[in-house]
Amino acid sequence: MTRVNLANQLISQRPRIWYLAVGGIETVHGAMGNLQELQKRVEKEHIRGAIIDFRKLEGYDPQQDWVGFLKGLKAYTPHGLPIAWMAHTHGANAAQQLAQAAQKAGALSQFCLNWQAALMTVGLPKTTPDPLPGLTAPADDGDEDDDVFLLD
């Protein structure tokens, strides 16, 4: 399956919180485009937080330069911005690495396994509806390699 943004929207006006859901197989090009959009939204739309949702992501293209992307993440991540990186156990390893890289860049970044934790990270009330309702954690297929991108 190719990479696709399933949702790309503000989920709250006060505070202004951007929500992005990614599905398919992630590529560096797509991920960098989303990171640049995050920076643009901070500058032009004055968003105050972001939830990046990988619950529908199937994996990461292993042929891509993910080390370079993590370096770009440090350059493009807005300092002090609350960012929730959300994934089920299937994509948790890579989402945790992204959250840690964003933290090192100065974001108030947190890895979250569920919607409630993501809401807490960006300061939204727990009554805020999930844009992907009914989404539950998929059964773990036991293949831990499909949620990892290898770093040199």
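A crossing of two helices is called right-handed if the near helix is turned clockwise from the far one by less than a right angle. Keep that in mind for the first view of this predicted model.

**View 1. Helix α2 crosses helix α3.** Here α2, residues 66-76, packs against α3, residues 92-104. The two axes are 8 Å apart and make an angle of about 40°, so α2 is oblique to α3. The crossing of α2 past α3 is right-handed. Which residues make the contact? From α2 come F69, L70, L73 and K74, while α3 brings Q97, L98, A101 and A102. Sorted by character, the residues of this contact are six nonpolar, one polar and one charged.

**View 2. Helix α1 runs alongside helix α2.** Now turn to α1 and α2, whose axes come within 10 Å and cross at roughly 0°. Angles under 35 degrees count as roughly parallel, and α1 and α2 are therefore roughly parallel to each other. On the α1 side, V28, A31, M32, L35, Q36 and Q39 make the contact. Their partners on α2 are W66, F69, G72, L73 and Y76. How many of the residues in this contact are nonpolar, polar or charged? Eight are nonpolar, three are polar and none is charged. You may recognise F69 and L73 of α2 from the first view, where they are among the residues that touch α3.

**View 3. The largest cavity and its lining.** The model holds two cavities of 30 Å³ or more, and this view shows the largest, with a volume of about 120 Å³. Its lining is made of 14 residues, and the closest to the cavity centre are A31, I52, F54, F69 and W85. Two of these names are familiar: A31 of α1 and F69 of α2 also take part in the contact of the second view. Which elements give two or more residues to the lining? They are β2 (16-26), α1 (28-45), β3 (49-60) and α2. The most comes from α1, with four residues. In character, the lining residues divide into 12 nonpolar, one polar and one charged.

**View 4. A cis peptide bond before P15.** This close-up takes us to the loop between β1 (4-13) and β2, where P15 has its place. Look at the peptide bond from R14 to P15: is it cis or trans? This bond is cis, and its omega is near -5°.

**View 5. H46 and its positive phi.** Our last stop is the loop between α1 and β3, where H46 lies. What is special about the backbone of H46? Although H46 is not a glycine, its phi is positive, at about 55°.

Definitions and conventions:
Residues are numbered from 1 along each chain as its sequence is written. This is a predicted model: local features need pLDDT of at least 70, side-chain atom pairs count only at pLDDT 80 or more; totals for chains, interfaces and linings use all residues. Side-chain values use heavy atoms; hydrogens and water are left out. Axes are lines fitted to C-alpha atoms, for helices over the stretch in contact, and angles run from 0 to 180 degrees between N-to-C directions. Angles under 35 degrees count as roughly parallel, over 145 as roughly antiparallel, 65 to 115 as roughly perpendicular and the rest as oblique. Contact means heavy atoms within 4.5 Å. Ala, Val, Leu, Ile, Met, Phe, Trp, Tyr, Cys and Pro count as nonpolar, Asp, Glu, Lys and Arg as charged, and the others, Gly among them, as polar. On a 1 Å grid over the protein atoms alone, a cavity is a set of points where a 1.4 Å probe fits but cannot get out, and a pocket is an open set with protein on both sides within 12 Å along at least five of seven lines; lining residues have an atom within 4 Å of a point. Grid points are joined across faces, edges and corners, and a volume is the space filled by probe spheres set on the points.
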